Amino acid sequence: MPATILILNGPNLNLLGRREPTVYGHETLDEIAAACRARGEALGYAIDFRQSNHEGELIEWIQTAHTDVRGIIINAAGYTHTSVALADALRAVGRPVIEVHLSNVFARESFRHTSYISPIAAGVIAGLGGQGYGLALEAMSRLLNASPDPGAQSTTP
Ligand code: CA2
């Protein structure tokens with residue numbers, strides 16, 4: 001079974017493509033998920049792509065990330081700027097994290113310039129729309145290749 005990259009999406013991202021296209025574009029979350037699965041397969045990873053409007057559900061998914069989850073890509077949406085609890089869960093799970101935002105949060109209201117997740121993230125991608133997820137997958141794959149899974153069987157005799 002291929003190793004898994006968990007991609008988490010926070011509140012209201014289920015509305016993508018249907019509301020506020022001038023801010024968030026025309027692509028739906030299902031379309032982004034399909035592109036991520038294809039890119040993940042090409043990179044040799046299974047993609048577990050999820051969205052929730054509930055902080056506790058996101059935290060439970062992080063806490064129960066299976067041992068085959070090697071890395072986490074997250075667009076925590078509004079919780080990015082508010083949730084110490086989500087950041088604590090990401091820190092505790094001990095997997096590399098890459099933070100993604102569709103919009104350039106630094107060109108928007110000042111409350112979006114603060115992220116509780118950035119200090120624990122290996123990197124942050126913002127402002128590139130749905131393609132940010134694909135770029136995050138490429139970066140995660142490189143990160144994981146640079147630090148192989150300690151639990152993996154060695155093929156060297
Ligand atoms: O740019 C991003 O990806 C954000 O994470 C999106 C969040 C926002 O609170 C962050 O500051 C930046 C908002 C997600 C709401 O998504 C919608 C999509 C379509 C219509 C309405 C909301």
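## Around the ligand

In this predicted model, 17 residues surround the ligand, and the ones that come nearest are Asn 75, His 81, Leu 102, Ser 103 and Arg 112. By character, that shell splits into eight nonpolar, six polar and three charged residues.

## Polar contacts and burial

Oxygen atoms of the ligand turn up in several polar contacts. With Asn 75, a polar side-chain atom sits 2.8 Å from a ligand oxygen. His 101 also uses its side chain, with a polar atom 2.9 Å from an oxygen of the ligand. Asn 12 does things through its backbone instead: a polar backbone atom there is 3.4 Å from a ligand oxygen.

How much of the ligand does the protein bury? Taken alone, the ligand exposes 510 Å², and 94% of that is buried by the protein.

## The pocket itself

Where does the ligand sit in terms of pockets? The space it takes up is the largest pocket. That pocket holds about 350 Å³ of space. Its lining is made up of 18 residues, with Pro 11, Asn 12, Leu 13, Tyr 24 and Ala 77 closest to the pocket centre. Asn 12 is thus worth a second look: this residue is among those closest to the centre of the largest pocket, and its backbone is the one with a polar atom 3.4 Å from a ligand oxygen.

As for the make-up of the lining, it comes out as eight nonpolar, six polar and four charged residues. For the shell around the ligand, the split is eight nonpolar, six polar and three charged.

Technical notes:
Residues numbered from 1 in each chain as written. Predicted model: local features only at pLDDT ≥ 70, side-chain atom pairs only at ≥ 80, totals over all residues. Heavy atoms only, no water. Near = heavy atom within 4 Å. Polar contact = N/O pair within 3.5 Å; in protein donor to acceptor, adjacent residues only side chain to side chain. Areas by Shrake-Rupley, 256 points an atom, 1.4 Å probe, with all protein chains shown as cover. 1 Å grid on protein atoms, 1.4 Å probe; cavity = no way out; pocket = protein on both sides within 12 Å on 5 of 7 lines; lining within 4 Å. Sits in = over half its atoms within 2 Å of the grid points. Nonpolar A, V, L, I, M, F, W, Y, C, P; charged D, E, K, R; others polar. Points joined across faces, edges and corners; volume = space filled by probe spheres on them.
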